[in-house]
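The following exercises ask the reader to study one protein chain step by step. Each task sentence is followed by a worked solution.

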Amino acid sequence: MAIVETANNRFSEKLLGLLDRVEYRRVETSEDMEDIARIRYKAYKAGSVMHLAEDAALLIDEADFDSHAYVFGVYHEERLISTVRLHHVTPEHRVTSSGKVFPDEIKAFLDAGMSLIDPVRLAADPDVWREMPAIPYLTLRLATMAADYFDADRVLQMVKPAHSAFYRRVFDGDFVASPKSKQGKFIIDLMLMATRCKDIRSSLYARFPFFQSEAFERRMLFARGEEMPFSPLTVRPTARLAHAQNRIQLSSGAFAG
């Protein structure tokens with residue numbers, strides 16, 4: 001047990017170190033969206049994920065501009081290394097990419113009154129991935145922050161079956177639906193999982209402190225309208241600060257007891 005805990009601590013410290021050199025950018029301009037389309041094309045072609053036309057711009061669709069969609073670029077030392085699109089899906093606003101593949105399952109969640117975070121269009125520069133295999137953690141941290149900001153009930157994972165073990169191990173993802181083949185342009189099989197984010201939040205942050213964040217970081221990433229009339233150019237991760245403050249609070253609690 002001590003060996004596992006030591007390994008987890010080393011891994012978390014490594015990720016916190018990487019986050020010190022990372023910036024998140026919410027993509028809302030056509031120029032930045034073209035960069036996102038190029039990295040999607042490069043990643044999907046390398047991974048043989050879907051049928052692709054030669055025009056990378058076709059990997060931008062109307063869902064990128066939905067009022068409940070948030071497209072992010074992840075930059076490491078000012079280099080775009082990955083991207084993800086997050087949908088905040090509610091019973092009143094049901095725009096979701098996963099719902100196109102698994103309509104019955106998503107409808108059941110929403111009809112039960114749940115709100116969902118649907119991370120899709122996850123793509124990483126394959127050249128950088130070879131150098132930095134931690135990219136999924138850096139990118140999916142955005143989904144954990146969205147779940148906190150919107151107080152969501154579930155975070156969805158529409159993934160290749162081969163990746164399901166990762167989502168079970170890291171995010172305690174529950175099986176929702178069996179794999180489906182030949183969905184739209186996808187070449188790969190896709191299955192659906194979901195994390196009960198409110199139930200596992202404490203244990204997730206205890207195991208992986210780099211997923212933690214401060215409220216002001218989440219607000220800069222997801223607030224719109226009157227709450228955030230302008231979109232910040234870049235947002236620096238606050239995981240190290242949040243982790244330090246949580247440790248102080250735990251220590252204070254221990255002394256108070």
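**Exercise 1: A network of charges**

Salt bridges link Arg-40, Asp-61, Asp-64, Arg-85 and Arg-121 into a network. The model is a predicted one. Task: determine where Arg-85 is placed, whether Arg-85 is buried or exposed, and which residues Arg-85 touches.

Solution.

Step 1. Locate the residue. Arg-85 belongs to strand S3, which covers residues 79-89.

Step 2. Classify its accessibility. The relative accessible area of Arg-85 is 2%. Because buried means under 20%, Arg-85 is buried.

Step 3. Find the polar contacts of the side chain. One polar contact, of 3.1 Å, joins the side chains of Arg-85 and Asp-61. Another, of 2.9 Å, joins the side chains of Arg-85 and His-87.

Step 4. List the neighbours. When residues up to four places away in sequence are not counted, Arg-85 touches Arg-40, Asp-61, Ala-63, Asp-64, Ala-69, Tyr-70, Val-71, Ser-97, Asp-118, Pro-119, Val-120 and Arg-121. This list includes Arg-40, Asp-61, Asp-64 and Arg-121, which also belong to the salt-bridge network.

**Exercise 2: Three salt bridges**

Task: for the pairs Glu-28 and Arg-26, Arg-141 and Glu-217, and Arg-196 and Asp-174, state the distance and the accessibility of each partner.

Solution.

Step 1. Recall the principle. Side chains of opposite charge can pair when their charged atoms come close. The structure holds 23 salt bridges, and three of these are treated here.

Step 2. Consider Glu-28 and Arg-26. The closest N and O atoms of this salt bridge are 3.2 Å apart. Glu-28 is partly exposed at 43% relative accessibility, whereas Arg-26 is buried at 8%.

Step 3. Consider Arg-141 and Glu-217. Their side chains form a salt bridge with an N to O distance of 2.9 Å. Distant parts of the chain are linked by this pair: Arg-141 is in helix H6 (residues 135-150), Glu-217 is in helix H9 (residues 215-222), and the two are 76 residues apart. Arg-141 is buried, with a relative accessible area of 0%. Glu-217 is buried, also with a value of 0%.

Step 4. Consider Arg-196 and Asp-174. The N to O distance in this salt bridge is 2.6 Å. This pair, too, links distant parts of the chain: Arg-196 is in the loop between strand S7 (190-195) and helix H8 (197-207), while Asp-174 is in strand S6 (residues 174-180), 22 residues apart. Arg-196 is partly exposed at 27%, and Asp-174 is partly exposed at 29%.

**Exercise 3: Nonpolar cores**

Task: describe the largest nonpolar core, and state which residues have the most contacts inside it.

Solution.

Step 1. Begin with the general tendency. In soluble globular proteins, nonpolar side chains tend to be buried together.

Step 2. Describe the largest core. The largest nonpolar core has 47 residues, and Leu-86, Leu-142, Phe-211 and Phe-222 have the most contacts inside it. Helix H6 gives the most to this core, namely ten residues.

Step 3. Examine one member. Leaving aside neighbours within four places in sequence, Phe-211 is in contact with Tyr-137, Leu-140, Arg-141, Thr-144, Val-170, Phe-171, Leu-204 and Tyr-205. Among these is Arg-141, the partner of Glu-217 in Exercise 2.

Step 4. Identify a further core. Another core, of 22 residues, lies apart from the largest one; Leu-59, Ile-106, Phe-109 and Ala-123 are among its residues.

**Exercise 4: The surroundings of Ile-39**

Task: state in which helix Ile-39 is found and which residues Ile-39 touches.

Solution.

Step 1. Ile-39 is found in helix H2, residues 30-47.

Step 2. Ile-39 has a relative accessible area of 5% and is therefore buried.

Step 3. Ile-39 touches Leu-80, Ile-81, Ser-82, Thr-83, Ala-123, Ala-124 and Asp-125, not counting residues up to four places away in sequence. Ile-39 and Ile-81 are 42 residues apart along the chain, and their C-alpha atoms are separated by 8.0 Å.

**Exercise 5: The chain as a whole**

Task: decide what the radius of gyration indicates about the chain.

Solution.

Step 1. The protein chain contains ten helices and seven strands.

Step 2. For 257 residues, a compact globule would have a radius of gyration near 18 Å; the chain has 18 Å, so the value agrees.

Step 3. Of the 257 residues, 50% are buried.

Notes: Residues numbered from 1 in each chain as written. Predicted model: local features only at pLDDT ≥ 70, side-chain atom pairs only at ≥ 80, totals over all residues. Heavy atoms only, no water. Salt bridge = Lys/Arg side-chain N within 4 Å of Asp/Glu carboxyl O. Buried < 20%, exposed > 50% of the residue type's maximum accessible area, 1.4 Å probe, protein only. Helix = DSSP H or I, 4+ residues; strand = E, 2+ residues; numbered from the N terminus. Core = buried A, V, L, I, M, F, W, Y, C linked by side-chain atoms within 4.5 Å. Contact = heavy atoms within 4.5 Å. Rg over C-alpha atoms; globule rule 2.2 N^0.38 Å. Polar contact = N/O pair within 3.5 Å; in protein donor to acceptor, adjacent residues only side chain to side chain.
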